[in-house]
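Thanks for making room on the agenda. I would like to walk through one model, beginning with its charged pairs and then turning to its packing, its cysteines and one acidic side chain.

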Amino acid sequence: MSRTAFYWDEKCFWHAGNNYAQLAPVRKLVQPMVAGGLPEAPETKRRLKNLMDVTGLSTEIDMLNGAAATTADLTRVHPESYLQKFKALSDELGGELGLRTPFGPGGYDIAALSAGLCKHAVIDVLTAQHTNAYALSRPPGHHCLPDWPNGFCLLNNIAIAIEAAKALSLFNRIAVVDWDVHHGNGTEHIFYDRNDVLTISIHQERCYPQDTGATDARGNGDGAGYNVNIPLSPGCGHNSYLYAMDNLIIPTLDSYNPDLVIVACGFDASGYDPLSRMMCSVETFRLMTRKLMQLTDNKLVVVHEGGYSEMYVPFCGHAVVEELSGSRTTAGDPMQARINGQQPNSRVDAFHQSLIDEMVDKFLSAV
Ligand code: ZN
């Protein structure tokens, strides 16, 4: 048995608004022809899985499917009224209930499947079936509030997984590290009043949502001090992300001492992403993964969120799975020289890092 589980499902690539196969409505057996036009299209994630097949990495780890999250799983996070509306539209021709969250026929079932992959990954690692796991979940989840889907997210996959694990009494404390370039507003909202789930989000400030993700959102009640936002200026690259990881994220996790760390793993902080203005590279994601694994004795669950470069996301994801599995099978980084040449200079890095230092002072005195 490999130490790494990789949860994926072909049907997660079929999620889309207006998804028809020519004139045939998509149900269970027909793949849609067109993705529906949103940036959140299947290709980034499909190409990651394809790249792993081409290099052979997928033969070195346990490639697994998982059952969809059950209604009981979903209702621990989302109100029945929302789920009923979602399912009713999904059982017909699809629709849209929030902000930029179109879905086609069967979209409810695919979203429940995406949440199920995440749930299996979390429970798998908490029960020591595997040391670590990657969930190729689609649609993504970190923006979704209990009753308001937004930002391409229809169900909060990670929250559903955490609550399923909690129902089984599998942990005392869990930490979520969200390095998607957008603020993890949904996950923050769901756990804002709780201290058994520490939520950390490092993101481009005011990218999306534009009115959340500030440093003063620290949690409420029992959750006071257990939400950490690290908003970074546009243009931050490899050095600033690693600086934040070393000086703020790792020390915060160290003092919280969670039973499990879950990464809300978007690759949209890359230098090639169309939706953001950051400068991270394959190496950034590789080293952030390595640093978290060093902290947790290799135990980590990585859940795929955003990332919109069809060319670059597969290489970033491949590097993360390489780190998780300890494999020497690498896809490299075809853009390494180009992206390294565009990194901020040391003066700009020093400016960004001084802003991170201010957050270090603010947060580490409180946690
Ligand atoms: Zn994102």
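Glutamate 205 counts as partly exposed, at 27% relative accessibility, where buried means under 20% relative accessible area, exposed means over 50%, and partly exposed is in between, with a 1.4 Å probe and protein chains only. Please keep in mind that this is a predicted model, in which local features need pLDDT of at least 70 and side-chain atom pairs count only at pLDDT 80 or more, while totals for chains, interfaces and linings use all residues. Residues are numbered from 1 along each chain as its sequence is written, and side-chain values use heavy atoms, with hydrogens and water left out.

The partner of glutamate 205 is arginine 206, and this salt bridge has its closest N and O atoms 3.9 Å apart, the criterion being a side-chain nitrogen of Lys or Arg within 4 Å of a carboxyl oxygen of Asp or Glu. Arginine 206 is exposed, with a relative accessible area of 54%. Elsewhere, salt bridges with shared partners link Glu283, Arg286, Arg290, Glu322 and Glu323 into one network, and the search of the whole structure gives 16 salt bridges.

Aspartate 73 deserves a pause, since this residue is buried at 4% relative accessibility and takes part in a salt bridge with lysine 119, with the closest N and O atoms 2.8 Å apart. Aspartate 73 sits in helix H2 (residues 71-75) and lysine 119 in helix H4 (residues 107-126), so the pair ties together parts that are 46 residues apart in sequence; helices here are DSSP runs of H or I with at least four residues, strands are runs of E with at least two, and both are numbered from the N terminus. Lysine 119, like aspartate 73, is buried. Aspartate 73 also forms a salt bridge with arginine 76, at 2.9 Å between the closest N and O atoms, and arginine 76 is partly exposed, with a relative accessible area of 37%.

Let me turn to the packing. Which residues have the most contacts inside the largest nonpolar core? They are Tyr134, Trp179 and Tyr241, in a core of 62 residues, where a core is a set of buried Ala, Val, Leu, Ile, Met, Phe, Trp, Tyr and Cys residues joined through side-chain atoms within 4.5 Å. Helix H7 (residues 238-256) supplies the largest share of this core, with 9 residues. Tyrosine 241 is in contact (heavy atoms within 4.5 Å) with residues including Val181, Ile202, Leu232, Cys236 and Met288, leaving aside neighbours within four places in sequence. A second, separate core has 42 residues, among them Val77, Phe103, Ala115 and Val122.

Isoleucine 202, just named as a contact of tyrosine 241, lies in strand E9 (residues 197-204) and is buried, at 1% relative accessibility. From isoleucine 202 to aspartate 180 the C-alpha distance is 7.3 Å, although the two are 22 residues apart in sequence.

Helix H5 (residues 157-167) has 9 of its 11 residues buried, so this helix is largely enclosed by the rest of the structure. Among those buried residues are Asn157 and Glu163, and just after H5, serine 169 takes a positive phi of about 55°.

What about the cysteines? The count comes to 0 disulfides, with a disulfide taken as a pair of cysteine sulfur atoms within 2.5 Å. The sulfur of cysteine 144 is too far for a bond, because the closest cysteine sulfur, in cysteine 153, is 6.7 Å away. Cysteine 207 is likewise in no disulfide, the nearest cysteine sulfur being that of cysteine 236, at 12 Å. Cysteine 144 is buried at 0% relative accessible area, and cysteine 207 is buried at 17%.

I will finish with aspartate 333, in the loop between helix H9 (313-325) and helix H10 (336-341). Which side chain of opposite charge is nearest to aspartate 333? It is arginine 286, 8.1 Å away, and aspartate 333 is buried yet has no salt bridge; for this purpose Lys and Arg count as positive and Asp and Glu as negative, with His and the chain ends not counted. The side chain of aspartate 333 does make a polar contact of 2.8 Å with the side chain of tyrosine 312, meaning a pair of N or O atoms within 3.5 Å, where within protein one must be able to donate a hydrogen and the other to accept it, and where residues adjacent in sequence count only if both atoms are side-chain atoms. In addition, a polar atom of the aspartate 333 side chain lies 2.9 Å from the backbone nitrogen of methionine 335.
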